[in-house]
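Grab a pencil and open the viewer. Try each exercise by yourself before you read its solution.

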Amino acid sequence: QVQLVESGGGLVQAGGSLRLSCVGSGRTFGSWAMGWFRQAPGKEREFVAAISWTGVSTRYEDAVKGRFTISRDNAKNTVYLQMNSLAPEDTAAYYCARATYWGATTPRGYDYWGQGTQVTVSS
């Protein structure tokens with residue numbers, strides 16, 4: 001059974017930063033591509049970023065390019081999302097998920113999800 005647990009969300013002012021963490025269970029964590037999604041109230045869950053199992057390859061949604069950075073530490077079974085220059089439109093619940101294949105940018109391409117962590121950016 002795969003379990004993913006996010007942490008690091010909170011309330012921050014516009015222009016501020018947060019770092020989200022996602023800890024995964026299992027000794028095969030290092031072989032999984034991983035992704036971050038977000039979902040604001042009344043909106044569909046949207047892709048934010050993805051990282052390959054080695055960490056060498058990454059992908060970002062256009063709106064977060066240059067502001068967010070995805071990384072991983074396989075020794076710690078952890079994926080991170082460093083978020084800088086946050087804006088009110090970044091307010092959402094953020095979810096990490098395990099990819100079923102590298103390069104997936106829709107929820108259908110992910111099979112296990114964390115419970116989410118809330119990020120609220122005040123103006």
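Below are five exercises, each with a worked solution.

This is a predicted model, in which local features need pLDDT of at least 70 and side-chain atom pairs count only at pLDDT 80 or more, while totals for chains, interfaces and linings use all residues. Residues are numbered from 1 along each chain as its sequence is written, and side-chain values use heavy atoms, with hydrogens and water left out.

**Exercise 1. Work out the strand order of the open sheet that has four strands.**

Solution. Start with the vocabulary: strands are DSSP runs of E with at least two residues, numbered from the N terminus, and two of them pair if DSSP finds at least two bridges between them.

- Step 1: Go from β1 to β3, which run antiparallel and are joined by four bridges. Here serine 7 sits opposite serine 21 of β3.
- Step 2: Carry on from β3 to β8, another antiparallel pairing, this time with six bridges. One spot to look at is leucine 18, whose bridge partner in β8 is methionine 83.
- Step 3: Finish with β7 and β8 (residues 78-83), antiparallel and joined by six bridges. Serine 71 has tyrosine 80 as its bridge partner in β8.
- Step 4: Put it together, and the order reads β1-β3-β8-β7 with antiparallel pairing. The edges are β1 (4-7) and β7 (68-73), each of which pairs on one side only. From one strand to the next, the twist averages 15° (axes are lines fitted to C-alpha atoms, and angles run from 0 to 180 degrees between N-to-C directions).

**Exercise 2. Find the disulfide and give its handedness.**

Solution. Look for a pair of cysteine sulfur atoms within 2.5 Å.

- Step 1: Searching the whole structure turns up one disulfide. Cysteine 22 and cysteine 96 form it, with sulfur atoms 2.0 Å apart.
- Step 2: Place the two ends. Cysteine 22 belongs to strand β3 and cysteine 96 to strand β9, so the pair ties together parts 74 residues apart in sequence.
- Step 3: Check the torsion about the S-S bond of cysteine 22 and cysteine 96: it is about 55°, so this disulfide is right-handed.
- Step 4: Check burial, where buried means under 20% relative accessible area, exposed over 50% and partly exposed in between, with a 1.4 Å probe and protein chains only. Both cysteine 22 and cysteine 96 are buried. As for β3, five of its seven residues are buried, so the rest of the structure largely encloses this strand.

**Exercise 3. Which residues touch the most other members of the largest nonpolar core?**

Solution. A nonpolar core is a set of buried Ala, Val, Leu, Ile, Met, Phe, Trp, Tyr and Cys residues joined through side-chain atoms within 4.5 Å.

- Step 1: The largest core has 25 residues, and the ones touching the most other members are Trp36, Leu81, Met83 and Tyr94. Strands that each supply at least two residues include β3 (18-24), β4 (34-39), β9 and β11 (117-122).
- Step 2: Zoom in on methionine 83, with contact meaning heavy atoms within 4.5 Å. Beyond four places in sequence, the contacts of methionine 83 include Leu18, Arg67, Tyr94 and Val119.
- Step 3: Don't miss the second, separate core of eight residues, with Ala33, Phe47, Ala104 and Tyr110 among them.

**Exercise 4. Classify the ring pair of phenylalanine 37 and phenylalanine 47.**

Solution. A pair of aromatic rings is described by the distance of the centres and the angle of the planes. Rings of Phe, Tyr and Trp (its six-membered ring) pair if their centres lie within 6.5 Å; planes under 30 degrees apart are stacked, over 60 edge-to-face, and the rest tilted.

- Step 1: For phenylalanine 37 and phenylalanine 47, the centres are 5.7 Å apart and the planes stand at 75°, so the pair is edge-to-face.
- Step 2: Phenylalanine 37 is in strand β4 and phenylalanine 47 in strand β5, 10 residues apart.
- Step 3: Phenylalanine 37 is buried at 0% relative accessibility, and phenylalanine 47 is buried at 9%.
- Step 4: Widen the view: ring pairs join Phe37, Phe47, Tyr110 and Trp113 into a cluster.

**Exercise 5. Is arginine 67 buried or exposed?**

Solution.

- Step 1: Locate arginine 67 in the loop between β6 (58-60) and β7.
- Step 2: Its relative accessibility is 18%, so arginine 67 counts as buried.
- Step 3: List the company. Among the residues that arginine 67 touches are Gln82, Asn84, Ser85 and Asp90.
- Step 4: Compare serine 85, in the loop between β8 and β9 (92-99). Serine 85 is partly exposed at 45%, and has a positive phi of about 50° although it is not a glycine.
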